[in-house]
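The exercises below are meant to be worked through with the structure in view. Each task is followed by a solution that goes step by step.

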Amino acid sequence: MHDLHIHLGGAVPSSVLWEILCDNGLRTEYVDFNSFHASLTAKPDEVKSLDDFLGRYFQVTEEIQSSPSAASVSAYQVVAKAYRRARVQSLELRFNPQKRMRHGLHTMDAIILAVMQGLERASLHYGVATGIILSLGRDLPLEANWQIIDAAVKWKSRGSLNGANGVVGIDMAGPESRSLELSKPWMSEVAAMMEKARDAGLKITYHVGESEGTGPEGMLRVLETVRPDRIGHGIELRKAEGKQRERIISILKEHDICLELCPTVNRVTRVVPDFACVGDFVRTLAKEGIAYCINTDNPYLVHTNLRHEHEIVGRELGADADPLLALGISHAERHRFLLP
Ligand SMILES: [Zn+2]
């Protein structure tokens with residue numbers, strides 16, 4: 001199995017983060033491990049939306065991961081846990097380096113190098129193929145996002161070493177509620193950034209259609225202007241109708257763009273009312289001939305793993321589970337950014 005959509009900020013066990021926090025003497029509101037662990041467990045009845053989810057947990061985890069040593073240990077532990085829990089064979093880890101520089105105390109180069117070294121150790125120790133996807137942030141100034149693009153080009157993968165690939169792609173992430181994808185000037189600047197990355201040989205994925213903030217219209221704008229290799233989520237395609245639906249499906253098929261599905265997080269952030277919707281969506285994608293793969297997104301925050309995500313979808317697919325889950329795995333193999 002392959003996890004192509006997993007965030008450093010949501011995939012590190014709380015025990016590891018707690019040890020980093022204590023070792024670094026960071027001053028926080030948490031008085032002991034139990035209160036810290038509870039605060040990093042997303043409870044579906046407490047999370048109000050995607051924005052709430054991102055704001056509630058990521059600030060804490062990103063702050064703790066904001067040093068080269070913390071970033072390296074965190075990256076290592078993500079892969080180790082994914083392998084032990086779900087025998088993951090390849091993992092593309094995404095993170096935003098700007099959010100781990102402790103307000104300029106560390107350089108972006110130092111953070112990226114540290115994550116690369118953590119993944120090199122993990123690939124060697126666990127035999128998992130790894131790659132890095134650098135996430136831009138909708139909540140960052142354009143200038144800061146350009147700096148991430150320049151860093152990605154600088155640190156671009158030179159090939160696989162013991163399964164570790166270094167930086168293989170670029171992503172756009174962050175709150176969808178401001179609907180920035182519907183703003184033409186913003187979108188064209190982002191398209192220029194993505195083009196620079198693509199020209200340097202990097203692949204592109206893009207969080208969009210994860211909530212009604214961007215919705216099917218945001219998906220369409222991204223597909224038309226950026227033409228990513230993969231889409232993060234795209235679950236809002238369920239709500240598209242008429243000509244808009246036809247156009248989205250036609251671009252996805254014509255350019256063989258893969259949707260990265262992440263069922264449990266969509267449920268926790270109330271983007272889908274139940275898992276039956278995800279099962280129906282997988283059936284629709286398979287029928288339309290659109291590529292999809294199943295991923296964890298933030299496995300630690302929502303206490304899941306890749307095997308569990310497959311089981312959840314499999315239960316909804318019933319008799320179709322085996323062929324449709326196998327199809328998703330074959331799509332993941334074909335759409336991986338890293339070298340096998
Ligand atoms: Zn995500």
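**Exercise 1.** In this predicted model, locate Tyr 300 among the secondary-structure elements, and decide whether Tyr 300 is buried or exposed.

*Solution.* Begin with the position along the chain: Tyr 300 lies in the loop between strand E8 (292-294) and H12. Next, consider the surroundings of this residue: 26 other C-beta atoms are found within 10 Å of Tyr 300, and since a residue counts as buried when 20 or more lie within that distance, Tyr 300 is buried. Then list its contacts, leaving out residues up to four places away in sequence, which gives Gly 10, Ala 11, Val 12, Pro 13 and Ser 14. Finally, take a residue 48 places away along the chain, Leu 252, whose C-alpha atom is separated from that of Tyr 300 by 30 Å.

**Exercise 2.** Establish the strand order of the open sheet formed by 8 strands, together with the direction of pairing, and determine which strands stand at the edges.

*Solution.* The order is E1-E2-E3-E4-E5-E6-E7-E8, and the pairing is parallel. E1 and E8 each have a single partner strand, so they stand at the edges, with one side of each left without a neighbour in the sheet. On average, and ignoring direction, neighbouring strands of this sheet are turned by 25° against each other.

The pairing can now be followed from one edge. E1 is joined to strand E2 (residues 90-95) by 4 bridges, the two running parallel, and Arg 94 in E2 is the bridge partner of His 7. E2 is in turn joined to strand E3 (residues 129-137) by 6 bridges, also parallel, with Leu 91 opposite Thr 130 in E3. As for burial, 6 of the 6 residues of strand E1 (residues 2-7) are buried, so E1 is largely enclosed by the rest of the structure.

**Exercise 3.** Describe how helix H11 (residues 275-288) packs against helix H12 (residues 306-317).

*Solution.* The axes of H11 and H12 are 8 Å apart and meet at an angle of about 75°; the two helices are therefore roughly perpendicular to each other. H11 contributes Phe 275, Ala 276, Val 278, Gly 279 and Val 282 to the contact, while H12 contributes Ile 312, Val 313, Glu 316 and Leu 317. Sorted by character, the residues of this contact comprise 7 nonpolar, 1 polar and 1 charged.

**Exercise 4.** Which residues touch the most other members of the largest nonpolar core?

*Solution.* Among the 101 residues of this core, they are Val 115 and Ile 170. Setting aside neighbours within four places in sequence, Val 115 is in contact with Ala 71, Ser 72, Ala 75, Phe 95 and Ile 132.

Note on methods: Residues are numbered from 1 along each chain as its sequence is written. This is a predicted model: local features need pLDDT of at least 70, side-chain atom pairs count only at pLDDT 80 or more; totals for chains, interfaces and linings use all residues. Axes are lines fitted to C-alpha atoms, for helices over the stretch in contact, and angles run from 0 to 180 degrees between N-to-C directions. Angles under 35 degrees count as roughly parallel, over 145 as roughly antiparallel, 65 to 115 as roughly perpendicular and the rest as oblique. Two residues are in contact if their C-beta atoms, placed from the backbone, lie within 7 Å. Ala, Val, Leu, Ile, Met, Phe, Trp, Tyr, Cys and Pro count as nonpolar, Asp, Glu, Lys and Arg as charged, and the others, Gly among them, as polar. A nonpolar core is a set of buried Ala, Val, Leu, Ile, Met, Phe, Trp, Tyr and Cys residues joined through C-beta atoms within 7 Å. A residue is buried if 20 or more other C-beta atoms lie within 10 Å of its own, exposed if 12 or fewer, and partly exposed in between; C-beta atoms are placed from the backbone. Two strands pair if DSSP finds at least two bridges between them.
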